[in-house]
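I opened my notebook to look up how the strands are arranged and how some of the helices pack. Here is what I went through.

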Amino acid sequence: MKNHFRSSAFSRIVLVIFIFQFAVFNLLSCKKKPTAQELEAQKRLAEEERAKAIELAKDSAISEYASSLSDEARISQLFLVNIEGNQKYYSVEKMQEKPLVPGGVLLFSYNISKDPLETYEFIKSIRTYYIDNDNPPPFVAVDQEGGYVNRLRGLTSVLWAQKKIADSFSPEKAALLYSAQARQMKNLGFHLNLAPVVEVETSENKDFLDTRSFGNLEKVLSYGKAAVDAYEKNGIATVLKHFPGNSNADPHIGLPKIKYKISEKDNFFKPFESLLPDSSALLMSHAIMQEENAVAGSSDNTNMPACFSSYWIKKIVKERYGFKGLVFSDDIFMGALAKNGYPPELAAVKAIEAGVDVIMLSEKRFGSVAEILLKKAAESPEFREELNRAVKNVLKYKIKAGILVIEENAVGGQTGQPSENEKNLAEAELPVPTFTVRINPDYAEFDIKKFDEDYRLGMDAYN
């Protein structure tokens, strides 16, 4: 199965370096003395080509790291799964006689102690278990919207529901609340918050969203930005949700179906388009969403749940909005999906094909779904490329989060002897380095003094 996860990144980097060297050769062999302007233009061109080569070198290093993982560890990167326990972590299933652990772990209230040090030690035990069993450590996620979606209640400072915050505080004051919350979460060992909700409240969704929306479009834009900036700048990744929206139908029970008018487009799409550039991730809804005059069954596949729609994920989110972060599915074990022809095994395949990077499960076991993805990858080169894309995106996020590190190698790699390419590039004084990805050996210890200080600052912000 190793060969099924190979990438063409290496061939691309070789091509770019060749073009780069050719440009440098032409620069150096030019007989006519160039003007100052021409020299500056040539220098900019060389720097641009070098920057492209460096990005490809990093991309190649990430591909090599992915290929170095076992099939089980590699496919597991695509899952965000709830776990057992709150004292010491252990896996609940195996694949090929080895512990099977997800690329991301989602903690619920029962995983979290009321004592901050105990919570930190539990999260630390997760990392230790992964490393001991030859897996990249996971990102640790939590649903911390505020209000009744508040997994850290009684542990971190008070966090009201989004609607109550927007009704009670200025955006600047809200930023103080969210910043203090983020610092406490970071100190405990969390990486990612499945928040904020940036759907605009309408008559069609307010019964379902209740107090989870900031309110109208103006409030969602201002308070959504305050929340996203506060979390991201304090080391907690945000996940905007739920794109492209919800209705009053509970997706746990029935699939939301939304027909929107052209005049309503801003209410549905502007918050995501505006806030995605500052956010690390996006969570897709299960809604079937169409423009009012759309024809069911049209080729843009808007007649299916958004998390399975390449139109919404690839064409809108990735192409039109230019989003390069992680795309999460909503829980594929929701009963409404299975009742409408999307059992978890099929849902997982369709989500990856549509452009999803991380599959979220409410169940604690994902091995049966992982095996189906591996089988599909063995049969379909196109699907294999989609898996490669998703795995690399997860690893890129883990580098951003500091879970993994990407380091520049010394010239010539381990041997210390530069290659012919490296010699030529070094002579041009613009060498292209190579890189290695590895587990970050550093892990921050819990700082009770800082936690107490941030807790106090969070509480003070309410007074």
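**Sheet first**

I looked up the sheet: 8 strands make an open sheet with parallel pairing, in the order β13-β11-β9-β8-β5-β4-β1-β14. Strands pair if DSSP finds at least two bridges between them. Helices (H or I, at least four residues) and strands (E, at least two) are DSSP runs, numbered from the N terminus. At the edges I found β13 (326–328) and β14 (359–361), each pairing on one side only.

A note on what I'm reading: this is a predicted model, where local features need pLDDT of at least 70 and side-chain atom pairs count only at pLDDT 80 or more, while totals for chains, interfaces and linings use all residues. Residues are numbered from 1 along each chain as its sequence is written, and side-chain values use heavy atoms, with hydrogens and water left out.

**β1 and β14**

I checked how β1 (residues 79–82) is joined to β14: they run parallel, with 3 bridges. V81 stands opposite L361 in β14.

**α13 and α14**

Which residues of α13 meet α14? I listed L373, K376, A377, A378 and E379 in α13, which meet P381, F383, R384 and L387 in α14 (contact means heavy atoms within 4.5 Å). The residues of this contact divide into 6 nonpolar, no polar and 3 charged (Ala, Val, Leu, Ile, Met, Phe, Trp, Tyr, Cys and Pro count as nonpolar, Asp, Glu, Lys and Arg as charged, and the others, Gly among them, as polar).
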